[in-house]
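Please look at the structure shown here and follow a short conversation between a learner and a teacher about how to read it.

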Amino acid sequence: NVTPKTIFSLNEFQGNRQFDLSYDVAFASSSFSRTKIITIYNRFHLVNLSDVPLFVSQDSTLDSTFLPPKSKVPFHWGKKSVQNKVLLSSDNQVWTKGTVQLGKVGIMAMRLPNDHGNPSVVQVEVRLAKQDQDSAVLVLIWIANNLANPLYLLRNKSSHEVFCSQAIERKKENESVLLANQGCGNTTQNDNIGSCNPNAAKVVDLVSNGFNCGLTEADMSSMYNEFFTWNITKGEEQYFGFDDPDQSRLLEWTCKEYVTDGNSNPERVEVDAVGSTNIMNLASGQQIGCVVRAEHSTKVIEFYDTNPGSEYDHPILENLRDKLMNHKSSLSLKQFTKLETGKSNEREHVSVTLHVNVAGVY
């Protein structure tokens, strides 16, 4: 059972730190039943469930809290004037772009940046502690993997290499431009896109022209540490996490052929909406589809080849058709078994018509 504990804060005397604590009250047993026992706990406990060390900080300029692998550590605020959010790091140098709100119950997946560029995804769950646990809030942190049912998975079943990133809004400008004609300038300007990834122009130049576009190692490092572009080759799967979970939950995606055709406006899919889908039309007449599927507790963003005008290429329809065929086979087997046993020589025929509306399928 989860029983919320009462929380309170204490500010450091002549200092900037703030200590968040909690307490609960219980009656003593037996002959001391009129006695009340007040137990004081830390408000937050950070639990590192992964096999790698992690660092947590309220601000990248402040001292961080070290989390050894498979450990539980109390956490307090290093600076009371800063918002109660934390950053994560795997090396105490490169920090996440997004933050975790320790006072907000829920679960999220966020990209954990590093210098070598290989994306890692950290999942964080903030939950209320149970009555017998020695804190008010537990913050569980682990690295996404197959054993832990990742929140998001990118899967490329298409015959094309796919590039995607979180749609990030540029708050300093009224309009947002995804491909801002940076880099070689070989991309097409489009001023009506809405949201943007500020590094997308250089990424598209890289897709179109290779490293001749002038993309330097410094640019690549900036991309890794700011807003990342995921590159999913044919047949590949990658865990996905948001650069900034507080931004939009939209995924922008494109492929080399689409950019080569002169298109600067990528497609978008809402990753938290199961069934959300869209189609990208290439100049060659080919089409690439993207659909959000649910597999257990994982949302799978799947890219696939489709034929123009085909009603059977949609993965959700294919999955539904397979289930109906399996159900039909199961019914036939049960009916055959019933007739063989001689318990009944009568049959009842039922005709069923099933209409299914799937978002994005026409």
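The dialogue below takes up one strand, two loop residues and a serine.

Q: Before we start, what kind of model is this?

A: This is a predicted model, in which local features need pLDDT of at least 70 and side-chain atom pairs count only at pLDDT 80 or more, while totals for chains, interfaces and linings use all residues. Residues are numbered from 1 along each chain as its sequence is written, and side-chain values use heavy atoms, with hydrogens and water left out.

Q: Which residues of strand S6 lie on its covered face, and which on its uncovered one?

A: A strand here is a DSSP run of E with at least two residues, numbered from the N terminus. In S6 (residues 71-75), Ser-71, Val-73 and Phe-75 form the covered face, whereas Lys-72 and Pro-74 form the uncovered one.

Q: In which sense do S3 and S6 pair?

A: Two strands pair if DSSP finds at least two bridges between them. Strand S3 (residues 36-48) pairs with S6 in the antiparallel sense over 5 bridges, and Leu-46 has Val-73 in S6 as its bridge partner.

Q: Is Ser-158 buried or exposed?

A: Buried means under 20% relative accessible area, exposed over 50%, and partly exposed in between, with a 1.4 Å probe and protein chains only. Ser-158, in the loop between strand S12 (152-156) and strand S13 (162-166), is buried, with a relative accessible area of 0%. By contrast, Gln-14 is exposed at 74%, and Asn-92 is partly exposed at 34%.

Q: What does Ser-158 touch, leaving aside residues up to four places away in sequence?

A: Contact means heavy atoms within 4.5 Å, and Ser-158 touches Lys-234, Ile-288, Phe-303, Tyr-304 and Asp-305.

Technical notes: Helix = DSSP H or I, 4+ residues; strand = E, 2+ residues; numbered from the N terminus.
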